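The following report works through a single chain, moving from one local position to the helices and strands around which the description is organised. The sequence and the coordinates are shown first, and the discussion follows them.

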Amino acid sequence: MSHLRRLRCCLWLAVVLGGLASCSKPEAPAPRPRDAIFKDRLALPAVYLTAKSHKRIVESAGLPLFSSDPETGEMIWPALYCTNPDCPGRREGEPLLFIEPDADYACPQCAAKRNRAAETEAVRQQYLNWVHPYVLPETAEKVKQLDAELQKRAEYERTHRVAPVVDRHPLPAGGQQPTKADPATRPDP
Ligand SMILES: [Zn+2]
């Protein structure tokens with residue numbers, strides 16, 4: 001048998017066996033419902049800072065708004081950080097966390113080096129874009145996995161005509177939570 005014929009034969013066999021395997025393969029178990037996935041997301045660790053002493057606290061991402069630290073009694077807020085590569089507050093390997101953006105909702109450390117009077121709108125916007133909610137690396141990794149699981153669930157609901165559970169939960173990891181800078185959510189002093 002020539003080499004080419006043998007190769008063709010093997011390929012044909014692989015197709016037939018593959019087909020048989022897929023016929024006899026039992027259906028994979030249904031992905032977990034959305035509620036269970038959201039519950040896991042809210043339980044992921046997130047970083048908060050206390051309002052005055054800026055004590056770093058790691059708590060679940062689903063911590064209720066206006067929670068306070070039992071030790072200091074201070075209110076705690078989801079931590080923000082600045083991604084400006086030239087941020088004066090930048091330290092090697094450790095992001096500078098803060099909860100009180102400046103008047104423009106930008107990084108307070110960057111404020112010192114800015115000349116707002118001469119700043120274009122694009123530059124101002126760039127300073128805003130550099131500020132992000134801080135997400136722990138392990139939480140970011142887990143969020144990716146849960147997002148993939150959610151996608152599988154959505155696909156399952158579509159193919160099995162299962163009604164999706166209405167999302168009643170806020171998104172976790174600080175990203176969608178109001179920050180201290182948000183006047184709409186700030187309690188009266
Ligand atoms: Zn900065």
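## A partly exposed position

Gln125 is partly exposed, because 13 other C-beta atoms lie within 10 Å of its own, a count that falls between the limit of 12 or fewer for an exposed residue and the 20 or more required for a buried one. The model in which this count was made is a predicted one.

Gln125 belongs to helix α4, which covers residues 121-129. Although Gln125 and Ala106 are separated by 19 residues in sequence, their C-alpha atoms are 9.0 Å apart in space.

## Overall composition

The chain contains 5 helices and 6 strands, and these elements, read along the sequence, follow the pattern α-α-β-β-β-β-β-α-α-β-α. Of the 189 residues in the chain, 17% count as buried. Among the contacts with a separation of 6 or more, 58% are accounted for by residues 24 or more positions apart.

## Helix α5 and its packing against α2

Helix α5 has 23 residues and reaches 34 Å from its first C-alpha to its last, which is close to the 33 Å expected at 1.5 Å a residue. Its buried residues are Thr139, Val143 and Arg153, and what covers these buried residues includes α2 and β1. After the helix comes Arg161, which has a positive phi near 55°.

Helix α2 (residues 34-43) packs with helix α5 (residues 137-159) at an angle of about 170°, and the two axes lie 10 Å apart. The angle therefore makes α2 roughly antiparallel to α5, since any value over 145 degrees is classed in that way. On the α2 side the residues involved are Arg34, Ile37, Asp40 and Arg41, and on the α5 side they meet Val143, Leu146, Glu149, Leu150 and Arg153. Sorted by class, this contact has 4 nonpolar and 5 charged residues, with no polar residues. Two of the α5 residues in this contact, Val143 and Arg153, also appear in the list of buried residues of α5.

## Strands β1, β2 and β3

Strand β1 (residues 45-50) runs antiparallel to strand β2 (residues 56-60), and 5 bridges join the two; within this pairing, Val47 has Val58 in β2 as its bridge partner. The two strands form a hairpin with 5 residues between them, and His54, which lies in the turn, has a positive phi of about 55°.

Strand β1 is also joined to strand β3 (residues 76-78), here by 3 bridges and again in the antiparallel sense. In this second pairing Leu49 has Trp77 in β3 as its bridge partner. In addition to these pairings, β1 is among the elements that cover the buried residues of α5.

## The sheet of β5, β4 and β6

An open sheet of 3 strands is arranged in the order β5-β4-β6, and its pairing is antiparallel. The edge strands, each of which pairs on one side only, are β5 (97-98) and β6 (131-133).

Between strand β4 (residues 80-82) and β5, the antiparallel pairing extends over 2 bridges, and Tyr81 stands opposite Leu97 in β5.

Conventions. Residues are numbered from 1 along each chain as its sequence is written. This is a predicted model: local features need pLDDT of at least 70, side-chain atom pairs count only at pLDDT 80 or more; totals for chains, interfaces and linings use all residues. Axes are lines fitted to C-alpha atoms, for helices over the stretch in contact, and angles run from 0 to 180 degrees between N-to-C directions. Helices (H or I, at least four residues) and strands (E, at least two) are DSSP runs, numbered from the N terminus. Angles under 35 degrees count as roughly parallel, over 145 as roughly antiparallel, 65 to 115 as roughly perpendicular and the rest as oblique. Two residues are in contact if their C-beta atoms, placed from the backbone, lie within 7 Å. Ala, Val, Leu, Ile, Met, Phe, Trp, Tyr, Cys and Pro count as nonpolar, Asp, Glu, Lys and Arg as charged, and the others, Gly among them, as polar. Two strands pair if DSSP finds at least two bridges between them. The expected span of a helix is 1.5 Å times one less than its number of residues.
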